[in-house]
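This report introduces one structure to a reader who has not met it before. Please look over the sequence and the model before reading on.

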Amino acid sequence: MTNATQPTPGDWSDLRARIAGWARELGFGGFGVTDVDLSAIEPRLRAWLEEGRHGAMDWMERHGTKRTRPAELVPGTIRVLSVSMDYWPPDSESAKGTLKDPDKAYISRYALGRDYHKLMRNRLQKLARRIEDEVGPFGYRAFVDSAPVMEKPLAQKAGLATQGKHTCAIDPERGSYFFLGELYTDLPLPVDEPAREDVCGGCRACINACPTGAITAPYQLDARLCISYQTIENPGSIPESLRPLMGNRVYGCDDCQLVCPWNRYATDAAEQDFRARNGLDSPDPVWLFSWSEEEFLRRFEGSPVRRLGHALWLRNVAVALGNAPTSERIVDALRTRQDHPDPIVREHVEWALRRHHAA
Ligand code: SF4
C-alpha cells in the first residue's frame with residue numbers, strides 16, 4: 001500500500017485483515033468495519049428525544065444530525081472501525097452476592113477499575129498510527145464516548161454486536177460486558193456484514209429484572225427511570241419514588257446484564273487496569289459515606305466515579321444507607337452529614353433518616 005500504484009480492492013481487503021490483527025494485539029476483543037449510512041436510525045433517535053426519555057442529558061439533543069451522519073462530525077469520513085474491549089473485572093467479589101447483601105454497597109462492575117475512556121482512546125490512536133505506518137497519512141479521529149457518536153448502531157452495522165431488549169450491545173460470543181470505541185476514517189476499507197438483528201427471541205429476563213421498570217418495552221429504555229442514569233447522570237435530586245427501589249446501588253446498575261443469558265459467554269477483562277481497586281467490589285456503605293472530599297478524590301484517582309463529584313456521591317450513598325437495615329451505626333453515619341453545605345446531600349440524608357424513623 002505504500003508504493004505509488006493505485007491500491008486494488010484486494011489490497012484494501014488485505015489491509016482490513018491486518019488491521020483486525022493489530023486491533024486484537026492492542027486488546028480489542030471485537031473489531032468490524034462499517035459505512036456511515038445511519039439513515040434508518042435517525043427517525044428513532046428523534047422520536048426518543050421528542051418524548052424526553054433522555055432525562056437531563058441535554059447534550060443528547062445538541063449537535064443536530066452530526067450524531068447520525070458521521071461525515072458531518074468529521075468531514076471526509078466514509079468508514080467507521082468499531083472496536084470492543086471486555087471489562088468484567090476478574091477476581092472480584094460476586095456481583096449478585098453484593099447486590100443481595102444490604103450491608104454492602106454496589107458499584108457497577110465497569111467502574112471498579114481505571115477509567116476506560118483514556119485507555120481505549122490511546123489504543124485507538126496506536127491502531128491509527130500502525131495503519132499510518134502502512135498507508136501513509138490518512139484522515140481519522142478516535143472516539144470513546146467522547147462525541148455525538150451512535151456507537152451501538154455502528155457496532156451493529158460493523159457486525160460486532162446487536163442491541164438487546166435492555167438496549168445494551170450484545171456480542172453472542174462475549175456477552176455484553178464490554179466498552180465500544182470507534183475510529184472514523186477516510187480509508188475505503190471493505191465493510192463487514194451487519195450483526196444479526198435479534199439476539200433476544202422470546203426472552204424478557206432483563207425487562208422483568210429491572211428494579212425500576214426502566215425498560216418500558218423491548219428496546220425502549222426510559223433513562224429517567226434507570227438507576228444508572230439517576231446515580232451517574234442526574235445532577236439533582238433523585239425522585240423519591242425511585243429511592244427505595246435503588247437498594248444498595250450507589251453508582252450504576254448492572255441488573256439487566258446480570259440476568260442476560262448471553263453473559264454466560266462473557267470473558268474476564270484482559271486489562272489489568274479494569275481490576276477492582278480499593279475493595280470497591282463489595283464495600284461497606286458507612287465507610288464510603290465517611291470519606292472526606294479529599295479522600296473521595298484520592299480513592300477515585302483515575303476512576304470514572306471521580307467525575308460524579310463528592311456531593312453526588314454522598315447523595316447516592318445516603319440513599320443506600322436509607323435502604324439498609326436500621327442500625328445505630330447507620331443512623332450515626334447519616335447524622336454526620338445532616339448539616340452538609342449542599343442542600344441535595346441534606347435532603348437525601350433527611351430522607352434516609354426518615355426511613356429509619358430517626359429524622
Ligand atoms: S436478558 Fe434476554 S431479553 Fe434482555 S437483552 Fe438479554 S437476551 Fe435479550
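## Pocket, ligand shell and a helix pair

In this predicted model, the lining of the second largest pocket divides into 5 nonpolar, 4 polar and 4 charged residues. That lining comprises 13 residues, and G159, L160, D171, P172 and E173 are the ones that lie nearest the centre of the pocket, whose volume is about 170 Å³.

The ligand, for its part, is surrounded by G164, K165, H166, I170, C200, C203, A205, C206, C260, P261 and W262.

Elsewhere in the report's scope are two helices, α1 (residues 9-25) and α5 (residues 116-135), which pack at an angle of about 145° with their axes 10 Å apart. In this arrangement α1 passes α5 in a right-handed crossing, and the contact is made by L15, R18, I19, W22 and A23 on the side of α1, together with L127, R130, I131, E134 and V135 on the side of α5.

The table sets out the residue classes of these sites.

| Site | Nonpolar | Polar | Charged |
|---|---|---|---|
| Lining of the second largest pocket | 5 residues | 4 residues | 4 residues |
| Shell around the ligand | 8 residues | 2 residues | 1 residue |
| Contact of α1 with α5 | 7 residues | no residues | 3 residues |

Conventions
Residues numbered from 1 in each chain as written. Predicted model: local features only at pLDDT ≥ 70, side-chain atom pairs only at ≥ 80, totals over all residues. Heavy atoms only, no water. 1 Å grid on protein atoms, 1.4 Å probe; cavity = no way out; pocket = protein on both sides within 12 Å on 5 of 7 lines; lining within 4 Å. Points joined across faces, edges and corners; volume = space filled by probe spheres on them. Nonpolar A, V, L, I, M, F, W, Y, C, P; charged D, E, K, R; others polar. Near = heavy atom within 4 Å. Axes fitted to C-alpha atoms, helices over the stretch in contact; angles between N-to-C directions. Helix = DSSP H or I, 4+ residues; strand = E, 2+ residues; numbered from the N terminus. Left-handed = near helix turned anticlockwise from the far one by under 90°. Contact = heavy atoms within 4.5 Å.
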